[in-house]
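Here are my notes on the structure, set out as numbered points for you to follow with the coordinates open. I begin with one strand and its partners, and turn to confidence and backbone details further on.

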Amino acid sequence: MAITDTIRFSLNQSFNSWRLFYCLAFILLSSTLVCAERTRSDLYAEILKSEAVARLYELGKVSDADDYLERTFLSPASVRAGNLIRVWMEDAGLRTWVDYMGNVHGRVEGMNKTAEALLIGSHLDTVVDAGIYDGSLGIISSISALKFLKRNGQFGKLKRPVEVIAFSDEEGVRFQSTFLGSAAIAGILPVSALNISDKRGLTLQDVLRKNAIQITEEKLLELKYEPSSVWGYIEVHIEQGPVLEWVGYPLGVVKGIAGQSRLKVTVRGSQGHAGTVPMSLRQDPMVAAAELIVLLESLCKHPKEFLSYDHHCNDIVVESLSKSLVCTVGEISTWPSASNVIPGQVTFTVDIRAMEDIGREAIIYELSNQMYQICEKRSVSCIIERKHDAGAVNCDSELISRLKDSANAALKILTRETQDEVPILMSGAGHDAMAISHLTKAGMLFVRCRGGVSHSPAEHVLDDDIFAAGLAIVKFLEFQIYCVLVFLILLFPVLVSSSNCSCEAQEKDQNSAEALKFKLVAIASILVASSLGVCLPFLVKDISCLQPDKEPFFLIKSFAAGVILATGFIHILPDAFESLASPCLNDKPWREFPFAGFVAMISGIGTLMMESFATGCHERLELRKAQPVNGDEEMSDHNEAHSVDVGRFHGSALTLPRTNSSDLIRNHIISQVLELGIVVHSVIIGLSLGASQSAKTIKPLVAALSFHQFFEGIGLGGCISQAKMKRQSVVVMVVFFSLTTPAGISVGIGIAKTYDDNSPAALIIQGLLNSASAGILIYMALVDLLAADFMNPKLLTNFRLQVGAIFTLLLGTCCMSLLAKLN
């Protein structure tokens with residue numbers, strides 16, 4: 001009888017039980033991620049850094065001007081940029097299209113095309129004389145992240161559709177109305193916007209038709225996404241400020257975006273000759289405009305001196321304005337604009353931004369009143385038009401949390417150190433997220449830019465910071481992948497088990513108080529045994545006769561491999577077959593198909609694939625690094641006779657000798673996958689023991705499990721030792737193994753009263769997890785431990801060592817088999 005035959009690990013559908021399996025799923029998920037992370041670092045750098053930087057520079061050359069960067073709404077350069085972005089989207093495997101407002105879309109459907117979609121976006125237009133990163137960075141980083149997932153085989157695992165949108169207009173340069181692209185998607189762009197005109201008199205509708213986009217009021221309304229079809233929106237953007245550089249972080253998470261208003265002020269006076277109209281008789285709009293601009297500066301620098309306090313504009317609002325209010329006159333023009341003519345008309349723009357919408361409105365109200373007074377005093381007319389308004393936006397707390405976790409994870413990968421929490425910032429600049437917030441929840445990630453400079457050719461982002469931004473998006477998207485795996489683990493038993501069977505519990509003589517004493521003894525005993533076993537290879541590694549190249553080391557590894565092999569065949573796999581063939585389960589499908597053997601087989605094949613892909617990725621990297629640099633072509637014929645010999649040393653031959661680095665990578669993978677298989681079973685037996693209420697059942701298990709964990713620990717510790725990992729990684733793996741079973745017992749104690757011992761859900765979960773664990777352990781023992789050592793030339797040429805290795809192998813299997821018999 002195997003170790004857990006007398007105790008049946010089971011879960012009812014109570015809250016506590018599902019929490020338990022959530023913890024188990026998290027353990028499996030974490031271990032899998034650790035194994036995969038090392039093999040992806042080179043793909044990270046290739047796509048998220050090198051290629052992304054190259055594409056930013058390529059897109060930065062697409063301009064309507066020869067000497068500087070300028071791309072305004074649907075200009076020729078903007079259309080070319082959209083086509084280029086569309087090519088990159090298709091290269092990443094996205095389905096692409098251009099909508100009626102010129103927005104470029106790229107979408108992947110994921111596992112469920114009807115699920116709510118995640119939108120990721122930024123803008124492709126620029127200001128005049130712009131930098132290459134504003135807007136473009138968010139688009140290219142998002143495309144690169146999805147391309148990475150495609151190359152890494154994770155595209156089809158996304159649990160929801162993901163859509164990247166390159167918005168056609170955010171800056172508002174051409175029509176003085178920002179967010180044309182994103183506002184159309186959000187459904188907040190009025191149909192009257194089709195009639196606004198640019199400086200040349202072309203309306204928005206004219207421009208769209210000129211680009212073969214036959215827009216109508218009905219089609220404009222059709223652009224709006226249904227809120228029920230969208231899960232959320234995230235945007236990556238350069239900070240456009242100095243805070244991240246000042247605090248020394250490449251990434252920051254945005255908690256809110258300042259509201260903004262854009263005004264157009266037109267001052268009309270009396271046009272006249274510059275030399276003949278006396279100063280006292282002039283109605284000069286230029287001088288009036290100058291006074292209005294100085295008024296704006298004073299009001300925005302010292303809002304407390306201008307605003308009156310009432311129930312709307314209180315101390316808190318005024319204090320916020322003092323810290324966040326910014327006002328800008330960015331454009332001014334005169335008519336007729338001649339040096340010898342007193343202007344007849346002066347027009348200028350006003351940009352006002354603040355974190356408090358009430359305060360911003362109060363500023364506009366006060367500014368307008370005082371402007372009209374100045375114009376009246378100077379006998380000129382004054383028209384103030386509100387061209388654009390966007391309310392302040394608070395980013396969604398859930399997305400803030402996930403973006404923060406993603407940014408922290410990205411920085412940890414890049415620095416290989418645990419960082420402090422990334423900064424949380426407010427954004428003074430407007431972004432497409434402001435418009436999209438009317439449609440769905442929104443979140444933003446800022447990227448550091450040098451000196452905080454933006455809207456300038458001097459705008460610059462470090463290549464490593466671009467890398468960090470792309471990696472953060474990958475980590476965010478991976479949450480959309482792996483969460484679904486946890487979800488399926490949790491819900492699978494509920495979906496497939498329809499039986500209402502409730503078999504009688506097999507445990508008798510239940511005495512919870514007496515059982516608790518033995519459980520506490522078990523926790524201490526197993527913790528000591530596990531720790532001693534896994535640490536033993538490290539404690540004796542300095543003994544010369546136990547070095548990896550010595551004969552005793554081969555004997556110890558054979559014994560450990562026998563322990564692991566017997567654990568898979570004798571302890572775990574029979575339990576899996578018995579669980580999935582239980583009479584408490586429906587005949588269909590559980591007893592009509594050998595699910596336990598099938599899952600074990602798939603688990604073994606999966607382990608082989610993961611090890612093969614990971615090792616192959618490293619080997620290909622080593623091969624590329626070893627390729628010789630091509631010399632001058634004229635020397636090729638002369639050196640042709642020597643090419644084979646040179647290749648032998650420089651890696652240009654057809655085969656590449658296995659390096660120590662390759663062996664270490666392989667040993668890393670072996671130790672991590674082996675721990676994954678052991679941990680799954682350890683959790684199950686720990687929970688089983690903790691849930692039991694029978695002292696007679698628990699008492700013999702204490703010794704058996706202690707020996708079981710000790711022997712398994714020796715095998716695992718030997719693999720970890722041979723991998724020569726960093727001390728921090730070794731400590732994590734040792735502690736993880738040592739605590740798994742005691743932690744499982746503790747959790748089992750806490751939920752013991754809620755158990756229904758033979759519920760279908762419990763039997764299915766235990767059977768499937770045991771099957772997967774058995775497949776991993778059997779594969780690792782036979783292929784990575786026994787085959788590697790028994791085919792080693794040192795063993796093949798030493799008959800005495802061969803016999804000794806076979807003997808210790810059989811001894812290990814017999815010891816573990818005896819433990820199963822005793823229980």
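1. Ala-117 stands opposite Val-230 of strand E5, in a model that, it should be said at the outset, is predicted. This position belongs to the pairing of E3 with E5 (residues 230–238), in which the two strands run in the parallel sense and are joined over four bridges. E3 is also joined to strand E4 (residues 162–167), again in parallel, by six bridges, and here Ser-122 has Ala-166 of E4 as its bridge partner. Between E3 and E4 in the unit they form comes helix H4 (residues 136–151), and the three elements make a right-handed β-α-β unit.

2. How many of the residues of strand E3 are buried? Strand E3, which spans residues 117–123, is mostly covered, with seven of its seven residues buried. The cover extends to both faces, since Ala-117, Leu-119, Gly-121 and His-123 are buried on one side, while Leu-118, Ile-120 and Ser-122 are buried on the other.

3. Strand E16 (residues 442–447) deserves a similar reading: six of its six residues are buried, and therefore the strand is largely enclosed by the rest of the structure. On one side the buried residues are Ala-442, Met-444 and Phe-446, and on the other they are Gly-443, Leu-445 and Val-447, which leaves both faces covered. E5, already met as a partner of E3, is joined to E16 by six bridges in the parallel sense, whereas strand E6 (residues 251–257) runs antiparallel to E16 and is joined to it by four bridges. Leu-445 appears in both pairings, as the bridge partner of Val-236 and as the bridge partner of Val-253.

4. Turning to the protein as a whole, the secondary structure comes to 26 helices and 16 strands, and 53% of the 823 residues count as buried. Among contacts with a separation of 6 or more, 82% are accounted for by residues 24 or more positions apart. The accessible surface comes to about 37000 Å², and carbon and sulfur atoms contribute 58% of that area.

5. The unreviewed UniProt entry lists several stretches under "transmembrane region", including residues 518–540 and 552–573. In the model, residues 518–540 are 96% helix and 0% strand, with the end C-alpha atoms 32 Å apart. Residues 552–573 are 100% helix and 0% strand, and their end C-alpha atoms lie 31 Å apart.

6. Where should the model be read with caution? The mean pLDDT of the protein is 80, and 77% of the residues reach 70 or more. Over residues 482–502, however, the pLDDT is below 50, although this stretch has 35 contacts in the model beyond near neighbours in sequence. The pLDDT is likewise below 50 over residues 629–659, a stretch with 22 contacts in the model beyond near neighbours in sequence. I would add that the UniProt entry includes residues 479–498 in its list for "transmembrane region".

7. Some backbone details merit a look, given that most residues other than glycine have a negative phi and most peptide bonds are trans. The peptide bond joining Trp-335 and Pro-336 is cis, with omega at about 10°, and Pro-336 lies in the loop between strand E10 (332–335) and strand E11 (341–342). Leu-74, which is not a glycine, has a positive phi near 55°; this residue is placed in the loop between helix H2 (41–60) and helix H3 (76–91). With a relative accessible area of 9%, Leu-74 is buried. Gln-240 also has a positive phi, of about 60°, without being a glycine, and is found in the loop between E5 and helix H8 (243–247).

8. Is Val-191 buried or exposed? With a relative accessible area of 29%, Val-191 falls between those two classes and is partly exposed. Its place is in the loop between helix H5 (180–186) and helix H6 (204–210). Val-191 and Glu-217, although 26 residues apart in sequence, are 5.8 Å apart in space from C-alpha to C-alpha. Leaving aside residues up to four places away in sequence, Val-191 touches Glu-217, Leu-220 and Leu-221.

Methods. Residues numbered from 1 in each chain as written. Predicted model: local features only at pLDDT ≥ 70, side-chain atom pairs only at ≥ 80, totals over all residues. Heavy atoms only, no water. Buried < 20%, exposed > 50% of the residue type's maximum accessible area, 1.4 Å probe, protein only. Contact = heavy atoms within 4.5 Å. Areas by Shrake-Rupley, 256 points an atom, 1.4 Å probe, with all protein chains shown as cover. Pairing = 2+ DSSP bridges. Right-handed = clockwise from strand over helix to strand, strands pointing away. UniProt positions renumbered as here; feature names shortened; annotations may be inferred. pLDDT = per-residue confidence, 0-100.
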